[in-house]
Each structure stands twice: as C-alpha cells, then as structure tokens.
Number of protein chains: 2
Amino acid sequence: MISESERMKNNLELLRKKTLELLPQSIDELKTYVHFRSISAQKSSMTDTVRNVSAMIEATGGNVKILENIGANPVVFGYFKAGPNGNTKRTLLFYNHYDVQPPEPLEEWDSDPFTLTIREGKLYARGVSDNKGDLVVRLTAIRLLQSLEGGLPCNIKILVEGEEEIGSRNLEAYITSNPDLFTADACIWEFGEKDQQERAHMVAGVKGMVYLQLSCTGADVDIHSMAGAYIDNPAWRLVQALASLKSAENEILVEGFYDGVIHPSVEERETARRIPFDEEHVKSLYGLKLPLITDAKQQDPREAMMYEPTMTICGIESGYYGEGSKTVLPRKALAKLDCRIVMGQEPEHIANCIERHLVKHGFKDIEVELLNAQRAYRSDLSHPFFSIVVTAAQEVYGTEIVLEPSSAGSGPMYEIGQLLHMPIASTGVGWFDSRYHAPNESIRAQDFEQGIVYIAHLLCEFGKIN
Amino acid sequence: MISESERMKNNLELLRKKTLELLPQSIDELKTYVHFRSISAQKSSMTDTVRNVSAMIEATGGNVKILENIGANPVVFGYFKAGPNGNTKRTLLFYNHYDVQPPEPLEEWDSDPFTLTIREGKLYARGVSDNKGDLVVRLTAIRLLQSLEGGLPCNIKILVEGEEEIGSRNLEAYITSNPDLFTADACIWEFGEKDQQERAHMVAGVKGMVYLQLSCTGADVDIHSMAGAYIDNPAWRLVQALASLKSAENEILVEGFYDGVIHPSVEERETARRIPFDEEHVKSLYGLKLPLITDAKQQDPREAMMYEPTMTICGIESGYYGEGSKTVLPRKALAKLDCRIVMGQEPEHIANCIERHLVKHGFKDIEVELLNAQRAYRSDLSHPFFSIVVTAAQEVYGTEIVLEPSSAGSGPMYEIGQLLHMPIASTGVGWFDSRYHAPNESIRAQDFEQGIVYIAHLLCEFGKIN
C-alpha cells in the first residue's frame with residue numbers, strides 16, 4: 001500500500017509529464033491570442049478577440065455564452081461540467097480579461113508587441129503576463145485533466161471580460177443581471193508572480209480606485225505672461241487646489257475621505273509585515289531619489305501598500321514646458337489624480353468629498369471628472385479555500401508561498417467576491433520583471449509550464465472537498 | 001510764404017507717397033525675413049538670419065558690424081551717417097531683435113508660421129509683430145529719407161540682437177565691451193501697438209524678469225501608481241513647493257522678494273490710471289473665465305501691469321496627461337516660473353530668495369535653474385525727447401497718443417538706458433490683437449505703412465534739434 005504523500009508525488013509527476021505533451025499546442029494558442037490587438041482604451045479588435053476566446057473555450061470542450069446585452073465590450077462566459085469521477089457539487093470560477101493596455105512607447109519594445117517572441121526562455125508580447133497567458137494556462141490545465149481517467153475533478157466556470165484595463169465599469173451590471181451564471185464556491189483571480197527569491201506571491205484582495213481628472217480653464221487662448229499682473233492663471237489655480245488636497249507631509253486633507261475605512265486588524269497588519277520586502281532592491285530597481293513617504297510617517301511600506309489609501313498625481317500639464325523659456329500665461333491646466341482606496345471606502349463618496357472640498361476651499365473653478373471608480377475587496381483569509389490554494393502551491397512550486405491580504409493594485413474583485421459571496425485568491429504566471437503595462441512585457445516559459453501543473457493540481461485538491 | 005504747419009503737411013504727404021512706392025519691396029523683404037526660423041530658445045537658423053539682417057542694412061546703404069566675440073547669438077550693428085543737409089551732431093539708436101518665440105502650438109495657426117501670409121489686410125507670421133516687422137519699417141523709413149533731397153536728417157545706429165526672447169543675457173557684455181559703438185542721444189525701442197480706439201501706445205520703460213525652471217526628480221523610471229502608498233511623488237513635491245511660493249489669494253510669500261522695490265509716485269500712479277483700459281474688451285478678447293486678480297486685491301489693472309511684481313507659472317509638466325486614465329507615478333516633474341519685477345528689484349537676489357525659501361520650507365529636493373534675468377527700467381518722462389516722439393506721432397496718426405511710463409512686459413532697456421544714459425521710447429506697428437508669442441501673430445498692412453511714415457517723420461523732427 002502506497003502512502004498519501006507518495007500518491008500525490010506520482011500524481012504530480014503525471015501532471016508534469018502531460019503538461020510537457022500539451023505545451024507546444026498551448027504556446028501556439030497563446031501566439032494566436034496575443035496577436036489580437038485587444039486594447040480596450042482604443043476599442044480595437046474586440047469582436048475578433050471575443051471570437052478567439054470563445055473558440056479556445058469550445059475547443060477545450062466548454063460551453064460558451066457571450067454576454068453583450070449591457071453594451072461596451074462583451075463578457076465571455078465558459079462552463080465545464082465535472083467529469084464522471086468529479087465532485088459535481090463543487091464549482092471553481094476563473095476570472096480573466098482579454099483586453100490589454102496600449103503598447104506605447106513602441107520604440108522601447110525589442111520585438112513587435114503583438115507577435116509572441118521567445119528569447120532566452122521568455123515569452124514576450126503585450127498581454128502575455130496581463131492576462132492572456134493565464135487564460136491559456138487555465139484552459140491547458142482543464143484539457144490536461146480531461147485527458148486523465150475520471151476527467152475534471154469539479155465544475156469550472158470561466159469569466160473573461162474585456163474592460164479590466166479601463167476600470168471594468170460594466171462588470172457589475174453583467175453580474176447582477178446574470179446572478180446565477182457566475183455563482184461558485186470560490187474564485188481564482190487573474191494575476192500572480194514570483195519574487196526575486198522565486199517565492200510565488202498570491203493575493204486575496206485588491207485596493208479600490210478613484211481616478212479623477214481635474215482641470216481649470218482660464219481663457220480661450222494662451223496669453224503673454226506679462227498679463228499675469230491682473231489676469232488669473234489656471235496653472236496656479238490647479239496647483240493651489242491640488243496643494244489643498246494633500247499636505248507637503250503627505251496627509252490627505254479632504255474631509256470625508258477616510259469615511260468608512262475598515263482598518264486592518266492586528267493580525268492583518270502582522271501578515272503584511274511578514275511579506276518579504278527588500279527596500280534596497282526597490283530603491284535601486286527604480287533609482288529612487290526621494291526618501292520613502294513611509295519613513296517620515298514611521299509606517300511599514302508593506303502595510304501602507306495593503307491598507308493605506310493614497311492620492312497620487314499621475315500627471316499634470318499646462319502651458320509651455322519645452323526647452324528654455326517661453327513667457328506665456330496658459331489658458332488651461334489639467335491633472336490626473338489616482339486615489340487607491342481601501343475596504344469600506346466608497347468611490348463615489350470620495351469623488352463627491354473632493355468636489356465639495358474644492359468648492360469649500362474656494363476652488364469652484366476646478367472641474368472634476370470621474371474617469372474610473374472601483375471598490376476595494378479583501379477575502380476572509382480564514383476561509384478553508386486559502387489553505388487548499390497555498391498547500392497545493394507549496395506542493396507544486398516547492399518554495400515558500402506568500403499570501404498577501406491585499407494587492408496594492410486594483411481590480412473588480414468586489415463585484416465577484418462581495419456580490420457573489422466567495423473567497424478570491426489571485427495567482428498567475430508572472431515573474432518579478434514581467435513589466436505589466438510596460439514595454440517588453442514577458443512571462444518565463446518555465447513559469448508557464450509550472451502554472452499549468454499548479455492549476456491542474458489545485459483543481460484536483462479543490463474537488464476533494466465536500 | 002507757406003506756414004510751418006502747411007510745410008509739415010506737405011512733407012507728410014510726400015512721405016506717404018514715397019512710402020506707397022517703397023511698400024512692395026518692403027513686404028518682399030519682410031517675407032524673406034520671417035521665413036528664417038530664428039527661434040533663439042532652440043538655437044535655430046541664427047547664422048542665416050544674421051546674414052539676412054546684415055544684407056538688409058547694407059542694401060539700405062548702412063555699414064554693418066557683426067559682434068560675436070562674447071559668444072551666443074551675434075549682435076548686428078548698423079550705422080548710417082546723416083545726409084548732406086542732416087544734423088551730424090544728433091544720433092538716434094534703434095533697438096531691435098531678430099530672434100522670435102517658438103511657434104507652438106502649431107495646430108492653432110491658420111497658415112504656416114514662417115510663411116508671410118496676407119489675409120484681409122493683415123500680415124501673419126511668427127515674429128511679424130515681435131519684432132521683425134518693425135526692423136523692416138525702420139529700414140524702409142531710412143531708404144525713404146535717403147531718396148529725398150538732403151538725405152538722412154541725423155545719424156542712425158541700429159542694434160539688432162538675437163537673444164531678446166531668451167532674456168538678452170549677453171547684451172550687457174556686448175555693450176560694455178563696445179561702449180562707444182552704441183552711444184546716441186536717444187533710443188527708439190522695438191515695440192508698440194494701437195488699442196481698440198486706434199490710439200497709438202508707446203512705452204518709456206519695462207519691467208524686469210526672473211525666469212526660473214523648477215524641477216524635481218523622484219526616480220529613474222515611471223512607476224505603477226499603486227506604489228504611491230510608500231514611494232514619494234515628484235509631481236506632489238513640485239505642486240507643494242509652488243503652492244508655498246504664492247498663496248491662493250495671489251500673494252507672493254517669498255521672504256525678500258520685494259526688497260528694494262521702488263514704489264511709483266502719486267504722479268506715476270495717476271499716469272497709469274489715465275491710460276485707456278477697456279476691461280470688458282480684454283475679457284472678451286481672451287475669453288477670460290476667471291475673475292481678475294486685481295478685483296480681489298482692489299487694485300487698478302493698469303497700475304498692476306506697470307508697477308506690481310508678478311509670479312506666473314508659464315508651464316508645468318509631469319507624468320501622463322493624454323486621453324483617459326493611466327495609472328503612473330511620474331519619475332519627474334518640471335515647472336517654468338516667470339517673475340516680472342519692477343524698478344529696484346535685483347533678479348539674482350530674487351532667484352536666491354526663492355531658492356532659500358524652498359530650502360527653508362523643506363523643498364531642498366526642488367532644483368532651481370535661472371533661465372533668464374533682467375532688470376526693470378523706466379525713462380525720465382520729463383526728457384525733451386518724449387515731446388518730439390509724441391508730437392510727431394500725433395501729427396502722423398492724428399489721434400491721441402498714449403505714453404506709458406512702463407510696459408508690463410520686459411526687455412533689456414536697462415542695459416541701454418541706464419548703462420549708456422539715454423531716454424528710451426518704444427513704438428511699433430502692432431495692433432490690439434497682434435498675438436505676440438501666440439498663434440496667428442499679425443500686423444495690419446495699414447499700420448505697417450503708417451509706421452514707415454511715422455519713423456521717417458520722427459527722424460526729420462529729431463534731426464531739427466541741436
């Protein structure tokens with residue numbers, strides 16, 4: 001009689017062997033998939049990409065439903081029934097998106113962004129790590145399990161949306177108008193990566209986001225700067241308005257901004273501080289010149305990343321900023337402001353608070369436009385789903401697994417975790433230099449392969465629970 | 001015997017007739033001259049432009065000397081001797097510049113900025129009003145007088161520099177190293193314009209200028225904005241630093257900024273308030289959306305333009321400011337700051353005060369670069385030169401003439417007026433919608449023509465004095 005641990009070992013061996021057999025076809029599939037220029041910000045190639053995603057799911061034996069009644073970019077829904085030996089009472093939902101960020105600046109790519117290019121064990125293309133590679137990984141894992149005796153160990157649902165990169169603004173409507181379609185016991189989210197010590201990082205939550213455009217128009221035309229003696233300046237107005245929102249000490253000064261904030265528990269703070277973080281590495285990676293905000297505030301950067309709301313100027317523009325001097329009083333000034341919010345904060349409330357603040361402080365001439373709004377979400381880490389996810393990962397990766405209560409980034413987890421009541425873990429095949437949203441986005445071939453084994457193994461373990 | 005006034009009338013008639021004959025050649029000359037893209041901020045086409053200016057002066061019969069020993073853009077010096085009937089003891093100096101502002105934003109021009117285009121009686125091109133048109137006017141007037149019996153009524157010197165638009169930083173060195181070259185009894189400055197009531201405005205002084213570039217570098221690369229929780233943001237640093245310099249109520253908060261200010265006398269203030277100013281017209285001309293600064297401060301806009309120091313953001317830039325949202329923490333932020341200063345203020349002292357202020361307020365990470373420095377200058381209006389200038393203008397234009405103690409703009413008058421001890425009056429062929437430094441810069445053909453007559457007449461009157 002063989003032991004449980006030996007049985008698992010043998011099973012993993014089998015999964016690895018089968019993965020190698022399926023790999024060439026999967027890479028071909030990924031090659032086709034990344035070739036679609038599905039840039040949601042530019043509304044390009046959406047119909048063709050949806051057709052391709054549907055074809056991949058159908059080719060894997062799933063049923064497809066294309067949801068497009070809400071408008072904007074369709075959501076592709078795929079469904080796979082548990083096999084004859086599978087647990088028909090358990091359903092896992094995969095969240096993915098088929099849209100990608102714009103590839104610009106093009107001159108910084110070493111190969112065409114929309115042609116999968118393999119160099120030194122890495123696969124390069126726009127979307128390969130965010131998030132097209134992971135959909136192919138997941139479909140390959142399904143195909144792998146179907147080829148084994150007994151077939152799929154549980155039911156599987158796949159949601160592939162097309163507006164993640166522009167704020168998933170229609171996802172909630174798609175979910176609430178098709179409530180039964182997406183119900184599941186748990187959800188595997190889109191992304192995840194290995195750090196420099198090859199530890200796989202997973203997250204169980206995301207921050208929310210309020211992305212605003214602030215602008216001030218002073219005149220119809222640029223004016224000679226000598227008129228600054230009596231004509232007011234929209235650049236000064238915007239600078240003063242922004243300065244009123246956040247102090248030089250990085251305190252957000254907007255009344256009501258922190259309303260409803262659910263502060264992390266002592267345990268959650270401890271979890272954050274246990275996450276590996278190499279400050280010197282970050283400083284040299286980015287070439288940082290300024291002291292960390294968290295130094296002055298005596299905060300832990302990891303805690304701040306997970307639990308602290310932010311307000312970031314993503315961009316500002318006005319007048320002349322070329323070489324040398326131009327003596328102009330600008331006609332207009334514009335800024336982009338990105339607030340990363342935490343559990344309990346309401347995006348619309350925050351946008352309203354900022355507008356109210358500006359009016360109250362004498363800046364009613366500043367126009368505020370809400371470009372993007374998302375709530376934060378954090379799963380309950382005590383849910384048994386997380387021990388399955390982490391243990392299965394340890395077994396496949398053979399390293400420490402880092403489960404973060406929240407990403408510092410954002411995404412539409414609230415719409416699924418909160419509205420459909422399920423725990424969410426995010427895992428994927430990125431690495432520490434994947435360059436999401438940047439030129440030369442990549443995944444490593446070995447992570448792609450290992451990711452297939454992991455998803456297949458996770459599905460097996462998930463199906464075992466009753 | 002004919003009366004003095006009849007003689008003058010006849011003389012003016014003659015000047016007008018001759019002007020019409022010379023006009024086609026002058027317009028051709030201007031067409032060639034504006035075609036040179038002599039943008040000093042970009043150091044383009046300087047050598048070719050200098051050659052063109054020299055050729056124009058020589059073609060008019062002047063001696064040319066090109067000064068280039070100081071470095072940077074050469075100064076062209078032209079000299080014309082009084083004619084056989086002229087007053088050889090009197091010398092008038094014309095100050096002009098051959099450099100222009102950058103033409104951007106190009107899309108707002110209705111025709112190519114460097115091709116003289118005539119539409120509805122107006123001549124459009126970059127530099128046509130600031131200040132290439134006036135040099136051609138002056139050379140045409142000289143040619144006109146040379147064609148008359150007796151020739152030039154006085155000696156004439158012309159100084160055409162190539163760095164006015166970037167602060168004339170080498171002019172003082174050129175003047176002090178060639179002190180005898182530029183001596184004259186009086187100087188006619190580069191610019192002037194008619195207002196909406198067709199009154200010609202002249203100025204006898206300028207504000208000074210301190211043009212600074214402020215920048216802050218946070219990192220070597222742009223970073224995902226989620227890192228805003230712990231990585232500091234150069235855009236926020238710059239916004240806070242700027243906001244510390246000037247309050248939302250437009251008070252300049254820099255210690256020492258007002259040191260040495262020579263306040264206008266009661267008489268000078270009254271002179272300012274006598275200058276015609278149509279507030280409603282200005283508002284509709286520029287399409288102003290914000291209240292005037294001077295309203296809140298209960299100041300007279302004309303007094304502020306002449307006597308009040310300013311601090312203007314000419315431009316600011318950081319991160320992403322295109323369509324929609326991009327979640328980026330910018331690596332760098334930059335602003336251009338233009339202070340118009342008054343009599344008694346020292347540009348270097350002000351630059352030092354601003355640097356000291358920033359350090360004192362915790363912004364030692366803001367780099368300050370002085371791009372441009374100029375002192376203010378005001379002529380003594382009781383000098384007899386001004387009555388010649390004004391009376392001759394009344395005789396040619398037939399309207400009220402407005403002589404302003406100071407322009408709200410700047411220029412290197414100090415270097416000539418103070419260092420070479422001469423009164424300066426500025427007059428030119430601009431109109432109220434000339435759009436200096438802006439797209440669709442223009443002069444009106446009738447002003448160009450009248451300007452030639454005026455300069456010729458002024459030279460005749462100037463030569464009469466002993």
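Biologist: Before we look at helix H1(B), what makes a residue buried?

Modeller: A residue is buried if 20 or more other C-beta atoms lie within 10 Å of its own. Keep in mind that this is a predicted model.

Biologist: Thanks! Which residues of H1(B) are buried, then?

Modeller: They are Leu15(B), Lys18(B), Thr19(B), Ser26(B), Glu29(B), Leu30(B), Tyr33(B) and Val34(B).

Biologist: And what do the buried residues of H1(B) pack against?

Modeller: Three helices of chain B: H2 (46–59), H3 (128–146) and H13 (445–464).

Biologist: How many residues does H1 of chain B have, and how far does it reach?

Modeller: Helix H1 of chain B runs over residues 4–35, which is 32 residues. From first C-alpha to last it reaches 43 Å, close to the expected 46 Å.

Biologist: Where is the kink in H1(B)?

Modeller: At Leu23(B), shortly before the proline Pro24(B), and the kink is about 45 degrees.

Biologist: Switching topic: how is chain A divided into domains?

Modeller: Domain 1 takes in 4–206 + 376–464, and domain 2 takes in 208–260 + 291–374. Their C-alpha centres lie 35 Å apart.

Biologist: How many residues of the two domains of chain A are in contact?

Modeller: 10 residues of domain 1 touch 11 residues of domain 2. On the domain 1 side, four are nonpolar, four polar and two charged.

Biologist: Last one: how does chain B lie on chain A?

Modeller: A turn of 179 degrees with a shift of 1.5 Å along the axis lays chain B on chain A, with an RMSD of 1.2 Å. The two copies are therefore related as by a two-fold rotation axis. The same surface serves both copies, as 91% of the contact residues of chain B recur in chain A.

Methods
Residues numbered from 1 in each chain as written. Chains lettered and ligands numbered in written order. Predicted model: local features only at pLDDT ≥ 70, side-chain atom pairs only at ≥ 80, totals over all residues. Domains from an automatic or database assignment. Contact = placed C-beta atoms within 7 Å. Nonpolar A, V, L, I, M, F, W, Y, C, P; charged D, E, K, R; others polar. Least-squares fit on C-alpha atoms with pLDDT ≥ 70 in both. Helix = DSSP H or I, 4+ residues; strand = E, 2+ residues; numbered from the N terminus. Expected span 1.5 Å × (residues − 1). Bend = angle between axes of the 7 residues up to and from the residue. Buried ≥ 20, exposed ≤ 12 C-beta atoms within 10 Å, placed from the backbone.
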